[in-house]
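Me: I am new to this structure. Please take me closely through one part of it, the sheet and what packs on it.

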Amino acid sequence: NIAVNITPTDVVELLHQSIAEYADRLEAGRLIPMVNAPADKVVIPADGRLLWRIYDNLLSNICKYSMPDTRVYFDVALSEVQVQITVKNISREVLNISANELKERFVRGDSARHTEGSGLGLSIAESLTQLQGGSFHLFLDGDLFKAVLVFSRLTAEPEPVEEPVVEPVAEPDTLVEVKPEIAVIDSMTDRQAWRTDMPGSP
């Protein structure tokens, strides 16, 4: 039994790390990796260890069986609920068997050979994908080999927006009425003094 520890895993970051680990072997096989993936994180519920083993098996087969001087494509596509990882390469040998036969253990692309070959790695990759709740598909078109992995997508939930706290204004215990002061001029002398104090008065 294989222990599975499902955590949020960035498939793009792990893909770049895996390709970097195989840089020397890809260069030795005169293979050019082409990655088409979003710049942002693409997160799925997966076990990073097991996803690494899937990439490792696929890259190992690519280095063993790809035609030299060809490109190898790694595409990551998104929908609202799923992530699709597609790996494509051109086989060095003629793929004269079906995709299902190619996944069987101890089978090479050439059906005349029955020694351990790509089938073992592909069978393991399929099992590990299914253990993580994903699906694994193979497609053959002439010399074109294509593996497609499909996983559920994790999307970041928006952080809750805190409502501003409005402190209540305390009502005063008593209301004090403030009346404006009005000067009352009662006598003629007061009127004359008031007029004299005014600016511009004669």
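Reply: Two strands count as paired if DSSP finds at least two bridges between them. Strands of a sheet pair through backbone hydrogen bonds, either parallel or antiparallel. Keep in mind that the model is predicted.

Start with strand 5, residues 82-90, and strand 7, residues 144-152. They pair in the antiparallel sense, over nine bridges. One position to find is Asn-89, whose bridge partner in strand 7 is Phe-145.

Now move to the other neighbour, strand 6. Strand 6 and strand 7 also pair in the antiparallel sense, here over seven bridges. His-137 stands opposite Val-148 of strand 7. A hairpin joins strand 6 and strand 7, with two residues between them. Gly-142 sits in that turn and has a positive phi of about 65 degrees.

Step back to the whole sheet. The sheet is open and has five strands, in the order 2-4-5-7-6. The pairing is mixed. The edges are strand 2 (31-36) and strand 6 (135-141), and each of these pairs on one side only. From one strand to the next, the twist averages 15 degrees.

Next, the helices. Helix 1 lies across strand 2, strand 4 (70-78) and strand 5. Helix 1 runs at about 165 degrees to strand 4. Helix 3 lies across strand 2, strand 4, strand 5, strand 6 and strand 7. Its direction is at about 20 degrees to strand 5.

These helices also meet each other. The axes of helix 1 (residues 11-21) and helix 3 (residues 48-65) come within 10 Å and cross at roughly 45 degrees. Helix 1 and helix 3 are therefore oblique to each other. Their crossing is right-handed. On the helix 1 side, the contact is made by Val-11, Leu-14, Leu-15, Ser-18, Ile-19 and Glu-21. Helix 3 brings Gly-48, Leu-51, Trp-52, Tyr-55 and Leu-59. The residues of this contact divide into eight nonpolar, two polar and one charged.

Last, a word on confidence. The mean pLDDT of the protein chain is 81, and 69% of its residues reach 70 or more. Over residues 111-116 the pLDDT is below 50. Beyond near neighbours in sequence, that stretch has nine contacts in the model. Where pLDDT is low, the predicted coordinates should not be read in detail.

Conventions. Residues numbered from 1 in each chain as written. Predicted model: local features only at pLDDT ≥ 70, side-chain atom pairs only at ≥ 80, totals over all residues. Heavy atoms only, no water. Axes fitted to C-alpha atoms, helices over the stretch in contact; angles between N-to-C directions. Helix = DSSP H or I, 4+ residues; strand = E, 2+ residues; numbered from the N terminus. Parallel < 35°, antiparallel > 145°, perpendicular 65-115°, else oblique. Left-handed = near helix turned anticlockwise from the far one by under 90°. Contact = heavy atoms within 4.5 Å. Nonpolar A, V, L, I, M, F, W, Y, C, P; charged D, E, K, R; others polar. pLDDT = per-residue confidence, 0-100.
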